[in-house]
Structures are given as structure tokens and as C-alpha cells.
Amino acid sequence: TVALGLLSACLDAGFRPSELAYIKPATQCVSSTLCARWCEEHGVSCEHIGPVVFYRGYTRELLTQQAKARGIDEAGVTAADGASNDTR
């Protein structure tokens with residue numbers, strides 16, 4: 001991740017772990033992330049679940065609401081769903 005690269009570069013540049021911190025500002029996943037595990041291993045303060053947690057299905061619901069507001073039929077939303085099958 002970009003955050004992990006930045007944190008690692010800061011350590012390489014001479015920052016102490018106590019001078020760094022990481023927070024994931026928004027997430028849909030509440031399980032531990034690679035960046036959170038890295039922070040733990042390197043002694044960097046970390047909050048991997050930030051103040052904004054989107055519930056499962058939030059993006060789909062938002063797309064459906066926007067589509068209805070714009071007069072886009074359900075087929076357009078279904079096409080977007082098809083493109084995202086089996087993705088993370």
C-alpha cells in the first residue's frame with residue numbers, strides 16, 4: 001500500500017517508530033490489514049479501524065440510489081455488479 005511504503009521510507013530515513021503513526025480513515029473491512037500488522041511489528045502506533053466504517057453493501061446501495069435519482073435503469077446497476085464479481 002502507499003501508506004506502508006511511506007511509513008517504511010520514513011523509518012529508512014531515520015524517523016523513530018515513536019515519531020510515526022498510522023490511521024486508516026475509512027474502511028469496509030474490520031479485519032487486520034497488512035499495514036496494521038507491519039506497524040505492530042515495527043512499533044508504530046496504529047489505528048487500523050478509523051472513524052468511518054462502511055457497512056457491507058454500502059457501495060451497491062449508494063449506486064442504486066444514485067442511479068434511480070438520475071433515471072438510470074436497474075440494468076446499469078446490474079452491469080456494474082457484474083464487473084465487480086469476485087473482486088476485492
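The crossing of helices α1 and α2 is left-handed. Left-handed means that the near helix is turned anticlockwise from the far one by less than a right angle; clockwise would be right-handed. By class, the contact of α1 with α2 has eight nonpolar, two polar and no charged residues. Here Ala, Val, Leu, Ile, Met, Phe, Trp, Tyr, Cys and Pro count as nonpolar, Asp, Glu, Lys and Arg as charged, and the others, Gly among them, as polar.

This is a predicted model, in which local features need pLDDT of at least 70, side-chain atom pairs count only at pLDDT 80 or more, and totals for chains, interfaces and linings use all residues. Residues are numbered from 1 along each chain as its sequence is written, and side-chain values use heavy atoms, without hydrogens and water.

**The helix pair**

Two packed helices are described by the angle between their axes and the distance between the axes. Helix α1 spans residues 2-12 and helix α2 residues 34-42. They pack at an angle of about 20°, with axes 9 Å apart. Axes are lines fitted to C-alpha atoms, for helices over the stretch in contact, and angles run from 0 to 180 degrees between N-to-C directions. α1 and α2 are therefore roughly parallel. That term covers angles under 35 degrees; over 145 is roughly antiparallel, 65 to 115 roughly perpendicular, and the rest oblique. From α1, A3, L4, L7, S8 and L11 meet L34, C35, W38, C39 and H42 of α2. Contact means heavy atoms within 4.5 Å.

**The whole chain**

The protein has four helices and four strands. Along the sequence they follow the pattern α-β-β-α-β-β-α-α. Helices (H or I, at least four residues) and strands (E, at least two) are DSSP runs, numbered from the N terminus. Of the 88 residues, 17% count as buried.

**Two loop residues**

| Residue | Loop | Relative accessibility |
|---|---|---|
| T33 | between β2 (26-27) and α2 | 15%, buried |
| K24 | between β1 (21-23) and β2 | 22%, partly exposed |

Buried means under 20% relative accessible area, exposed over 50%, partly exposed in between (1.4 Å probe, protein chains only). Leaving aside residues up to four places away in sequence, T33 touches K24 and H48. On that basis K24 is in contact with T33, E47, H48, I49, G50 and P51. The C-alpha atoms of K24 and A3 are separated by 9.1 Å, 21 residues apart along the chain.

**Confidence**

Mean pLDDT, the predictor's confidence in each residue from 0 to 100, is 78 for the protein. Helix α1 has the highest mean among the elements, 94, and α4 (residues 74-83) the lowest, 56. Where pLDDT is low, the predicted coordinates should not be read in detail.
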